[in-house]
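Trainee: Before I use any of the labels for this model, I would like to hear the reasoning behind them.
Mentor: Then let us take them in turn, with the structure in view.

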Amino acid sequence: MLDKTPSTKVSAFLKKFGKALAEQDIESAVGCFQTDSYWRDLIAFTWNIKTLEGQDQIRDMLKAQLAKIGPYGWKIAEGEEATE
């Protein structure tokens, strides 16, 4: 069956996104977002509550912060299921 559950879709995204971040591949990480996407950082990357608008702002933030942060282990919390 080609249909994927929401959790399968989210897990696939997190795997791709996490790999890009771990490899410091900013363009691949930014490519995970639509052109007009938003990223709401709740202090994880910027140590501030900040909303980034669009790929350019996401790219700029990652260029400034990714090497310092070194995020890893992106996954759905144990016992949780993603929903549409």
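**Salt bridges and burial**

Mentor: K19 forms a salt bridge with E23, and their closest N and O atoms are 3.2 Å apart. Please keep in mind throughout that this is a predicted model.

Trainee: What makes the pair K19 and E23 a salt bridge?

Mentor: The term asks for a side-chain nitrogen of Lys or Arg within 4 Å of a carboxyl oxygen of Asp or Glu. The closest N and O atoms of K19 and E23 are 3.2 Å apart, and the pair therefore qualifies. A search of the whole structure finds four salt bridges.

Trainee: Is E23 buried or exposed, or does it fall in between?

Mentor: E23 has a relative accessible area of 48% and is called partly exposed, because that class lies between the limit of under 20% for buried and the limit of over 50% for exposed.

Trainee: Which residues are linked in a network of salt bridges, and how do you know?

Mentor: The network links E27, D56 and R59. E27 forms a salt bridge with R59, with the closest N and O atoms 2.8 Å apart. This pair links distant parts of the chain, since E27 lies in helix α2 and R59 in helix α3, 32 residues apart. R59 also forms a salt bridge with D56, where the closest N and O atoms are 2.9 Å apart, and both of these residues lie in helix α3, three residues apart, about one turn of the helix.

Trainee: Why do E27, R59 and D56 carry the burial labels that they do?

Mentor: R59, with a relative accessible area of 17%, is under the 20% limit and so counts as buried. E27, at 45% relative accessibility, falls between the two limits and is therefore partly exposed. D56, at 53%, is over 50%, and so it counts as exposed.

Trainee: How do you know that the length of helix α1 agrees with what should be expected?

Mentor: Helix α1 comprises the 17 residues 6-22, which at 1.5 Å a residue should span 24 Å, and because its end C-alpha atoms are 24 Å apart, the two values agree. The buried residues of α1 are S7, L14, F17, G18, A20 and L21. They cover an arc of only 155 degrees around the axis, so they are placed on the same side of α1.

Trainee: What covers the buried residues of α1, and which exposed residues are carried by the face turned away from its buried side?

Mentor: The cover includes α2 (26-30), β1 (38-42) and α3 (54-69), whereas the face turned away from the buried side carries the exposed residues K15, K16 and K19. After α1 comes Q24, whose phi is positive, near 60 degrees.

Trainee: Where is S37, and why is it called buried?

Mentor: S37 is in the loop between α2 and β1. Its relative accessible area is 14%, which is under 20%, and S37 is therefore buried. Leaving aside neighbours within four places in sequence, S37 is in contact with L52, E53 and G54. The C-alpha atoms of S37 and Q55, 18 residues apart along the chain, are separated by 6.8 Å.

Trainee: Why is A44 called partly exposed?

Mentor: A44 has a relative accessible area of 47%, and because this lies between 20% and 50%, the label is partly exposed. A44 is found in the loop between β1 and β2 (49-53). From A44 to G73 the distance is 13 Å, C-alpha to C-alpha, and the two are 29 residues apart in sequence.

Trainee: What makes L42 exposed, and which nonpolar surface patch includes L42?

Mentor: L42, in strand β1, has a relative accessible area of 56%, which is over 50%, and L42 is therefore exposed. The patch is made by L42, I43, W47 and I49, and amounts to about 490 Å².

Trainee: How does the chain as a whole read?

Mentor: Its secondary structure comes to three helices and two strands, following the pattern α-α-β-β-α along the sequence. Of the 84 residues of the chain, 30% count as buried, and the accessible surface comes to about 6200 Å², of which 53% belongs to carbon and sulfur atoms.

Technical notes:
Residues are numbered from 1 along each chain as its sequence is written. This is a predicted model: local features need pLDDT of at least 70, side-chain atom pairs count only at pLDDT 80 or more; totals for chains, interfaces and linings use all residues. Side-chain values use heavy atoms; hydrogens and water are left out. Helices (H or I, at least four residues) and strands (E, at least two) are DSSP runs, numbered from the N terminus. The expected span of a helix is 1.5 Å times one less than its number of residues. Buried means under 20% relative accessible area, exposed over 50%, partly exposed in between (1.4 Å probe, protein chains only). The arc is that of the directions from the helix axis to the C-beta atoms. Contact means heavy atoms within 4.5 Å. Patches are made of residues with over 30% relative accessible area and no salt bridge: like charges are joined within 9 Å, nonpolar side chains (Val, Leu, Ile, Met, Phe, Trp, Tyr) within 5 Å. Accessible areas come from the Shrake-Rupley method with a 1.4 Å probe; for residues, only the protein chains shown count as cover.
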